[in-house]
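New to this one? Have a look at the model first, and then we'll walk through a few things worth picking out.

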Amino acid sequence: MATPSPISTRPQTQYFRDAIEDLKAQHLHFRLRILDGEQKPIATVDGKEVINLSSNNYLGLTTHPTLRRAAIDAIRKYGVGSGAVRTIVGTMKIHMELEEQIARFKGTEACVVFQSGFTANSGTVSAILGKEDLIVSDELNHASIIDGCRLSKATIKVFKHKDVADCGRILEETKDWNGHKLLITDGVFSMDGDIAPLPQLCDLAEKYNCIMMVDDAHSSGVLGCNGRGTVDHLGCHGRVDIQVGTLSKAIGSIGGYVCGSRDLIDFLYHRGRPFLFSTSHPPSVTATCQAAFALLDSTAGEKLIKRLWSNTKFFKRKLKRLGFDTGKSETPITPIMVGDAAKAFEFSRQLFDEGLLALAIGYPTVAQGKARLRTIVTATHKRADLERAAEILERVGKRLEVI
Ligand SMILES: *Cc1c(COP(=O)(O)O)cnc(C)c1O
């Protein structure tokens, strides 16, 4: 058999290499860090033990014994895969039970689970709107919302981040729009950790007859009663037509869900392309999520959320006292603003050498000149971990003149 020629030398793909060289020149190139073992507050990454401030594992559920047991039991009982898409024969009884459980938790009529939060957003927005329609979207909304908007072929108008007046201006200018209108926002913004002005946006949605949609990926399990999210936290029950959440962050597993009216969910059964054309979750994932929601709704869950918030407040106070700029964060997502991308990446690299994992985020994930470290403490960090993290941040931050 002939040895294939190395793919990298083929002229038609040379531009991959050119793009990578370009990223390297701009200090935006990265390689993947490899986690060895469990996703925990003290983790082994690239062979080095570090304090882990980079996961979305808010409540430490990725390694929770009850969830582990639920997954293992489900594998014993149902096997490792569902074998089909939901609309063929891939809807197992536990898939329906989880959806009912989430709908009850959120206080909505119905719920549908998607393979990820990403597909929940992109699959829903692209299903409910078409090219005659209008989307009014916060400029910092998540990439999965942006992709859903583009897939829908609707007209997209973007308002300044959290700027209710700017959003109102757009809606006033388009008040005679003929098609459907969607007003969409993240509940908690994933890179800045700030909270959407949901009550005011609901006012606008009601005034201008818009469908109101919130992506609560970073607030489920974090904000609201037992982690019910921003709609609960900000008293907007009954005012939001579509609530998206993820099963991949605080819930500790993988997946996304959409909560709303029975009609919305039935509509998505027929029009949500990831639902129709991509295989449903393995039963172990579903059972894990069932156990996670049961835990959230118990006193043990309440304790974890309380711990998450006391750790968050403790760490934020420390950072502020040291003179770091933590932006506008109001949640466990705490950016440490740096500005210059090259400096942010160097900051992150030196922190890692000293035993702290805090990843640098640059363009295009955040705007040019707004590079930062992104930190998230969890319920399972110990105070001593956070104190040590602050010491390392102080030392390296002074060395690089971030503070
Ligand atoms: C992480 C995230 C998603 C995607 O969720 P996954 O379950 O990881 O696909 C969607 N929206 C926001 C705001 C997120 O932060």
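## Two domains and how they meet

The domain assignment splits this protein into domain 1, made of 27-56 plus 305-399, and domain 2, covering 64-296. Keep in mind that you're looking at a predicted model. Below, we go through the place where the domains touch, then a single glutamate, then the cysteines.

**Where the domains touch**

- Taken over C-alpha atoms, the centres of domain 1 and domain 2 sit 27 Å apart.
- On the domain 1 side, 17 residues make contact with 19 residues of domain 2.
- The size of an interface is often given as the accessible area lost when the parts come together.
- Here, about 1,400 Å² is buried between domain 1 and domain 2, and carbon and sulfur atoms give 58% of that area.
- There's some charge pairing too: domain 1 and domain 2 have 3 salt bridges between them.
- If you'd like a salt bridge to find in the model, try Arg372 and Asp192, whose side chains meet at 3.1 Å, N to O.
- Polar contacts across the interface of domain 1 and domain 2 come to 9 residue pairs, with both residues at pLDDT 80 or more.
- Three elements each supply at least two residues of the domain 1 side that touches domain 2: helix H12 (299-322), strand E11 (333-339) and strand E14 (371-376).
- H12 gives the most to that side of domain 1, with 3 residues.

**A look at Glu38**

- You'll find Glu38 in the loop between strand E1 (35-36) and strand E2 (42-45).
- Glu38 is partly exposed, at a relative accessible area of 35%.
- Setting aside neighbours within four places in sequence, Glu38 is in contact with Ala43, Thr63 and Arg68.
- With Arg68, the side chain of Glu38 makes a polar contact of 2.6 Å.
- Glu38 and Leu386 are 348 residues apart along the chain, and their C-alpha atoms are separated by 19 Å.

**What about the cysteines?**

- The disulfide count is 0.
- Why is Cys202 not bonded to Cys236? The sulfur of Cys236 is the closest cysteine sulfur to that of Cys202, but at 4.2 Å it is too far for a bond, because a disulfide needs the two sulfur atoms within 2.5 Å.
- Cys210 has a similar story: its closest cysteine sulfur, in Cys167, is 7.4 Å away, so that's too far for a bond as well.
- Are Cys202 and Cys210 buried or exposed? Cys202 counts as buried at 0% relative accessibility, and Cys210 counts as buried at 9%.

Key: Residues numbered from 1 in each chain as written. Predicted model: local features only at pLDDT ≥ 70, side-chain atom pairs only at ≥ 80, totals over all residues. Heavy atoms only, no water. Buried < 20%, exposed > 50% of the residue type's maximum accessible area, 1.4 Å probe, protein only. Domains from an automatic or database assignment. Contact = heavy atoms within 4.5 Å. Buried area = accessible area lost by both parts, 1.4 Å probe. Salt bridge = Lys/Arg side-chain N within 4 Å of Asp/Glu carboxyl O. Polar contact = N/O pair within 3.5 Å; in protein donor to acceptor, adjacent residues only side chain to side chain. Helix = DSSP H or I, 4+ residues; strand = E, 2+ residues; numbered from the N terminus.
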